[in-house]
Amino acid sequence: PAARFGHDATFLMAIWFLAITNVAGVYRWSQAVGWGVFAVGALVLAGVLTVAPGAANVLMVATVALLVASDTWLRRRGRASSSWYTVSLAAIVAGTAMFLLGRTGAPLCDPDSLLQGHSLWHVFAAVALGAYFVATSRWRETESEGTGS
């Protein structure tokens, strides 16, 4: 149970962090407000996962939907670096393929193999999130300089 919690919580909180930093930038929140909203949301996510571990997929859809909505707002405003954004999209496509191929019973699911499809999903997801953060962080720095935060 603890490993499942750690697995699900860290992924959800990474998505939550990116979504909140987008929203904070769009609405020009101070760093204190942004971190406060992140902390409250992280506690809610952790609480829900503790009480209902099976809710992880629903929470993933909700946090990814918030990230996509906030990203759409950023992209519409022309504030994401296209090269890093492209790296992020390519990594998430590759990661999704590894997620599907590495599921139980799928071709890359072999408990005795050193190469695990699910582990590649984590690697690609980390690359995608990192590239996405870089793609959108430049405008965050510009925005925070303008607000004095």
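This passage describes the nonpolar cores, the largest pocket and one glycine of a predicted model.

The largest nonpolar core comprises 14 residues, and those with the most contacts inside it are F11, I15, L18, L67, W121 and Y132. At least two residues of this core are supplied by each of the helices α1 (2-26), α3 (56-76), α4 (82-101) and α5 (117-147). A second core of 10 residues, including L12, I20, L49 and L59, lies apart from the largest one. Within the largest core, L67 is one of the residues with the most contacts; when residues up to four places away in sequence are not counted, L67 touches I15, L18, A19, N22 and Y132.

The largest pocket holds about 940 Å³ of space and is lined by 32 residues, among which F11, M60, V64, I92 and W121 lie nearest its centre. Helices α1, α3, α4 and α5 each contribute at least two residues to this lining, with the largest share, 8 residues, coming from α3. By residue class, the lining of the largest pocket is made up of 19 nonpolar, 9 polar and 4 charged residues. F11 and W121 are thus named both among the residues with the most contacts inside the largest core and among those nearest the centre of the largest pocket.

Helix α5 also contains G130, which counts as partly exposed because its relative accessibility is 34%, a value between the limits of 20% for buried and 50% for exposed residues. Although G130 and W84 are 46 residues apart in sequence, their C-alpha atoms are 9.1 Å apart in space.

Conventions: Residues are numbered from 1 along each chain as its sequence is written. This is a predicted model: local features need pLDDT of at least 70, side-chain atom pairs count only at pLDDT 80 or more; totals for chains, interfaces and linings use all residues. Side-chain values use heavy atoms; hydrogens and water are left out. A nonpolar core is a set of buried Ala, Val, Leu, Ile, Met, Phe, Trp, Tyr and Cys residues joined through side-chain atoms within 4.5 Å. Buried means under 20% relative accessible area, exposed over 50%, partly exposed in between (1.4 Å probe, protein chains only). Helices (H or I, at least four residues) and strands (E, at least two) are DSSP runs, numbered from the N terminus. Contact means heavy atoms within 4.5 Å. On a 1 Å grid over the protein atoms alone, a cavity is a set of points where a 1.4 Å probe fits but cannot get out, and a pocket is an open set with protein on both sides within 12 Å along at least five of seven lines; lining residues have an atom within 4 Å of a point. Grid points are joined across faces, edges and corners, and a volume is the space filled by probe spheres set on the points. Ala, Val, Leu, Ile, Met, Phe, Trp, Tyr, Cys and Pro count as nonpolar, Asp, Glu, Lys and Arg as charged, and the others, Gly among them, as polar.
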